[in-house]
Every structure is written in C-alpha cells, then in structure tokens.
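Trainee: Could you take me through this model, one question at a time?

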Amino acid sequence: MRRITRITTVGIASAALALSATACGKNSSDSGSGSSDSKATKAAIAYDIGGRGDQSFNDAAYAGLKKAEDELKVKGAEAEPSAGEGDADKVQRLTSLARAGNNPVIGVGFAYAPAIEKVAKQFPKTTFGIIDDTSVTGENIANLVFNEEQGSYLAGVAAAKASKTGTVGFIGGVEVPLIKKFEAGYVQGVKDTNPKAKVLTQYLTQPPNFDGFAKPDLGKAAAQGQLDKGADVVYAAAGLAGSGAIEAASKAGKWSIGVDSDQYNQAGLKAYKDSILTSVTKDVSDSVFNLIKSVQDGKPQTGEIRYGLATDGVGLADSNPKYKAMTDLIAAVDKAKKDIVDGKITVKTAP
C-alpha cells in the first residue's frame, strides 16, 4: 500500500505516532482521465487532519481500505494531509489520486467537500466518496454519513451510570456542526439518565483553526481542567487530540470514552486502555469497504449512504471487561438503544 504524502509531525506523549511514522511512497503518476473499468483494481483514501495513526477516525478509514486489499485484492493508495493546508492542496491531492487510476477516491472528512465538488466534475468516470458530508452531491459522489448523535446518546447513558460524582465532561475538537451532533446526543443521554448530572463542555479550537483535531496536548489540558472540576468520565470527540484526553483521564484514575474506533483496542493507547470505559463507534471501516466493493462490482454507490443505530452503523464498544461487568449500565444502554431504534426516543442533532 502506498502513502503518497507525509503528515507534519505532531507531538504526543503516547506511542500513537509510532503508527503514522511509516515511510512514504512516490507520488502517483498522471494517467489521463481516471479509470473507466467497472472492475476497479485500485482504490485510494485521502486522510483528514491527524492522518493515519490517530487511533480514531482516520485509522477506521484505513481499516476499510486494508480489508478491501485483503478480501477484494484491490491495490490501495493513501494520501496524508499537511499542516495548515487549504482547499487547493486537497484538490491537487484528489486530482493526483484520480489521474493515477484509483477508483474510488475517498476523502476522509467534511473538509474535503469543496475539493471533491471540483474534482469529481473533472473525472466523471471515477467515483468519489466523502465521509461525514452531504453538502456536495453529484452522479459520481457517494456521501457516507452517520448518526453520531445516536451513538453519543448511548455514551451519555453509560457516562451517567458510571459516574460517581454526578459530573461528566465532553470535549469537542473543533466547534463545527458535525461535532455539535456528538455533544447534543451525549448531553441528552446523560440528562435523560440522571437529570441532576452536570455536563462540562469544552471545544478545543474554533474554525478555521482545526488544531483541535490534531494536537493531543490540547485534549490533555482540557480533560485535566474538567477532571479538576470533579468530572470522573470524559468523552472526547476530537480525533488525534482525543488521545490526550484519554491519557489525562487514565493518569487521574478516571474513565474516558473513546470515539470513532474502538479505542480500547488501539495499540497506541495500550497504556491507558483500562480507563477507556467504552467508545462510540462509527462503522467508517465498512463504509469505505462497501464503497470500494460497489465500484468493483460495477454498481457504484452514489448519493447519501447513511449508517445509524438500527443497522449497527454506530454504537458502543464493549471490549473492556470492566464495562461488561457493569450489568446495570449495560441494561440501561440496551434499553436506550431499543427505544431509539423503535422511535420512542428522538435524539437531538444540535445542543
């Protein structure tokens, strides 16, 4: 598998970055207007801020590409972001991937929306996927989206049941509508479970500064501030920065809740895994795999492809044995899941 560009190094105390320090391959070569074969032999993903090795969102996308390599025998290509890049950089990256004959080309994250809108028109025979965005559409664009608020509601139920102080925390990487969905669901789940509970909320950065998805030190400092105020469960929806929050909670002997991937099983977070109560999972891996397979099968997905609680497109991980031992908590989460799927609970998408 080729990695086309390299992400600028970001400092982190844990071993997480060891996973992203792999050697980079050569740039994709130009090969005309992209692959027109219905049987795709090559597929590519362009990573979001934080890059592969974030133990979270990007790593989930990579898992889908790796699965496609193993099971579908496609040739995978990866492209990393650079610090402080703009839309022009993303356009160049996607164009390079498409010219190299990759089909599909998948942008990991809503930040790719302007670039995909432009590049998809230039390569009409190539399928473009974008994760977490529905603002750009086209006959060759697949919008891979999730009901993050539903999974976050379950996290709120779990946090309220696990908390002994009655105070829990939420940390958002960047204050954008997508992350507000995580906050809304989490706070609603906490309050529906324990109306007297207090939820401390903090965002690490404001757009156009997206460091809140990339710098673990910011997540660590925010979590420490919430722990100092009595929080004993901290949920961070902050990409790579969330690993700092997990570290802070672990060192304080408190609970953290992971996001996107099952962070209990992430190698870079092994030192802190016992404190990771659960993780709000998004089936980013299968969304990537399914899109690649659809192109290979000659029936490429297009339009909105939504993954929700009813289809296990979002959910809560139960890898931690300590979580599995909390029978009252699990019963409350299971009931909440059933009520959401049955329509008895409508989860808010904004605070």
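The questions below concern a sheet, a helix and some aromatic pairs.

Mentor: This is a predicted model, in which local features need pLDDT of at least 70 and side-chain atom pairs count only at pLDDT 80 or more, while totals for chains, interfaces and linings use all residues. Residues are numbered from 1 along each chain as its sequence is written, and side-chain values use heavy atoms, with hydrogens and water left out.

Trainee: Which strands stand at the edges of the open sheet, each with a single partner strand?

Mentor: Strands here are DSSP runs of E with at least two residues, helices are runs of H or I with at least four, and both are numbered from the N terminus; two strands pair if DSSP finds at least two bridges between them. Six strands form the open sheet, with mixed pairing, in the order E8-E7-E9-E10-E11-E13. One side of each edge strand is left without a neighbour in the sheet, because each has a single partner, and these strands are E8 (198-205) and E13 (314-316).

Trainee: In which sense do strands E10 and E11 pair?

Mentor: Strand E10 covers residues 255-260 and strand E11 residues 276-282. Serine 256 stands opposite isoleucine 276 in E11, and the two strands are joined over five bridges, in a sense that is parallel.

Trainee: Within what arc do the buried residues of H6 fall, seen down its axis?

Mentor: Buried means under 20% relative accessible area and exposed over 50%, with partly exposed in between, using a 1.4 Å probe and protein chains only. In helix H6 (residues 216-228), Pro216, Gly219, Ala222, Ala223, Gln226 and Leu227 are buried. The buried residues line one face of the helix, because the directions from the helix axis to their C-beta atoms fall within an arc of 140°.

Trainee: Which residues are exposed on the other side of H6?

Mentor: The buried residues of H6 are covered by elements including E7, E8, E9 and helix H7 (242-251), where contact means heavy atoms within 4.5 Å. On the other side, the exposed residues are Asp217, Ala221 and Asp228.

Trainee: Is the pair of phenylalanine 146 and tyrosine 307 stacked or edge-to-face?

Mentor: Rings of Phe, Tyr and Trp (its six-membered ring) pair if their centres lie within 6.5 Å, and planes under 30 degrees apart count as stacked, over 60 as edge-to-face and the rest as tilted. The pair links strand E6 to strand E12, 161 residues apart. Because the ring centres are 5.3 Å apart and the planes stand at 25°, the pair is stacked.

Key. Axes fitted to C-alpha atoms, helices over the stretch in contact; angles between N-to-C directions.
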